Amino acid sequence: MNYVEKIRTRLAELGAPLDFNWRCEAIEDLLEDGGEMAECEVCGHKDVRYMHHMIHPGYDGVVLVGCVCAGVLEGNPDAAKERERSMKNRAKRRETFANHEWVRTRSGNYCRKYKGSTIFINKSRYHDNRYGVYAGGTNYWYHHGEPIYGFAAAVMVAFDVVDPA
């Protein structure tokens, strides 16, 4: 059985359309916030880091797949490779950003420039170990609905604000 036949067989098992008119709704880096690699829902490859969220107008749900299966499902392997390349580059930028030195200001905040933006990180005066991020004219005391605890977490929030996925 060739690869495309294997994909069609798995789609049939899922009750999903067998044509290749799928569209990538999102892509995520599963390791970005300390997560783990996962398995492609179509081919079963176990070490997928960049998960493509595929949708189809004839299917009620999302199929989570790796790069090769995403390219086959949408009929455009180059588009899937480009999405994944973009995510890999962002992961490298994130790592570099995290290791960059922050300057301590006279007021006790931390500051740095990135992509033309000035970013500030400050410790809360009212809550132990809570931090805020100021970037792009907005203060962020929460990320994904949770308070920002610790300087390292604030650095990652700052990156997400100035370099969104």
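**View 1. Strand S2 has covered side chains on both of its faces.** Tyr50, His52, Met54 and His56 point one way from S2, Met51, His53 and Ile55 point the other way, and all of them are buried. That fits the count for the strand, which covers residues 50-56: seven of its seven residues are buried. The back-and-forth pattern is a common one: in a regular strand the side chains alternate between the two faces of the sheet. One thing to keep in mind for this and every other view is that the model is predicted.

**View 2. S2 has a partner strand on either hand, S1 and S3.** How many bridges link S1 and S2? Strand S1 (residues 23-29) pairs with S2 over six bridges, in the antiparallel sense. To spot one of these links, find Asp29, whose bridge partner in S2 is Tyr50. Strand S3 (residues 59-65) also pairs with S2 in the antiparallel sense, this time over four bridges. Here you can look for Met54, with Val63 as its bridge partner in S3. The chain gets from S2 to S3 through a hairpin of two residues. If you wonder what holds such neighbours together, strands of a sheet pair through backbone hydrogen bonds, either parallel or antiparallel.

**View 3. Helix H2 is tucked in among other elements.** H2 spans residues 67-74, and it is largely enclosed by the rest of the structure because seven of its eight residues are buried. The buried ones are Cys67, Cys69, Ala70, Gly71, Val72, Leu73 and Glu74. What lies over them? The cover for these buried residues includes helix H1 (3-14), along with S2, S3 and H3. Just after H2 comes Gly75, and this glycine has a positive phi, near 70°.

**View 4. Arg94 in helix H3 is a charged residue worth a closer look.** Arg94 sits in H3, the helix made of residues 77-98. Is Arg94 buried or exposed? Arg94 counts as buried, because its relative accessibility is 8%, and the cut-off for buried is under 20%. Leaving aside residues up to four places away in sequence, Arg94 touches Glu32, Asp33, Met156, Phe159 and Asp160.

**View 5. Five strands make up an open antiparallel sheet.** Read across the sheet and you get the order S4-S5-S6-S7-S8, with antiparallel pairing. Which strands sit at the edges? They are strand S4 (103-104) and strand S8 (138-140), and each of these pairs on one side only. At the S4 edge, S4 and strand S5 (residues 110-114) pair over two bridges, again in the antiparallel sense. One pair to pick out here is Arg104 with Tyr110, its bridge partner in S5.

**View 6. Strand S7 lies inside that sheet, between S6 and S8.** The order S4-S5-S6-S7-S8 puts S7 there. S7 covers residues 131-135, and four of its five residues are buried, so the strand is largely enclosed by the rest of the structure. On one hand, strand S6 (residues 117-123) pairs with S7 in the antiparallel sense over four bridges. Asn122 shows you one such link, with Gly132 as its bridge partner in S7. On the other hand, S7 and S8 are joined by three bridges, also antiparallel. Look for Val133, which stands opposite Tyr140 in S8. The hairpin of S7 and S8 has two residues between the strands, and in it Gly136 takes a positive phi near 60°.

**View 7. Stepping back, here is the whole chain that the close-ups come from.** The protein has four helices and ten strands. Starting at the N terminus, the elements run α-β-β-β-α-α-β-β-β-β-β-β-β-α. What are the spans of the C-alpha trace along its principal axes? They come to about 65 × 25 × 25 Å. The radius of gyration is 20 Å, while a compact globule of 165 residues would have one near 15 Å. Of the 165 residues, 39% count as buried. The accessible surface is about 9,900 Å², and carbon and sulfur atoms own 50% of that. As for charge, there are 22 positive and 23 negative side chains, with the centres of the two sets 9 Å apart. Finally, among contacts with a separation of 6 or more, 42% come from residues 24 or more positions apart.

Note on methods. Residues are numbered from 1 along each chain as its sequence is written. This is a predicted model: local features need pLDDT of at least 70, side-chain atom pairs count only at pLDDT 80 or more; totals for chains, interfaces and linings use all residues. Side-chain values use heavy atoms; hydrogens and water are left out. The radius of gyration is taken over C-alpha atoms; the globule rule is 2.2 Å times the number of residues to the power 0.38. Buried means under 20% relative accessible area, exposed over 50%, partly exposed in between (1.4 Å probe, protein chains only). Contact means heavy atoms within 4.5 Å. Accessible areas come from the Shrake-Rupley method with a 1.4 Å probe; for residues, only the protein chains shown count as cover. Lys and Arg count as positive and Asp and Glu as negative; His and the chain ends are not counted. The place of a charge is taken as NZ of Lys, CZ of Arg, CG of Asp or CD of Glu. Two strands pair if DSSP finds at least two bridges between them.
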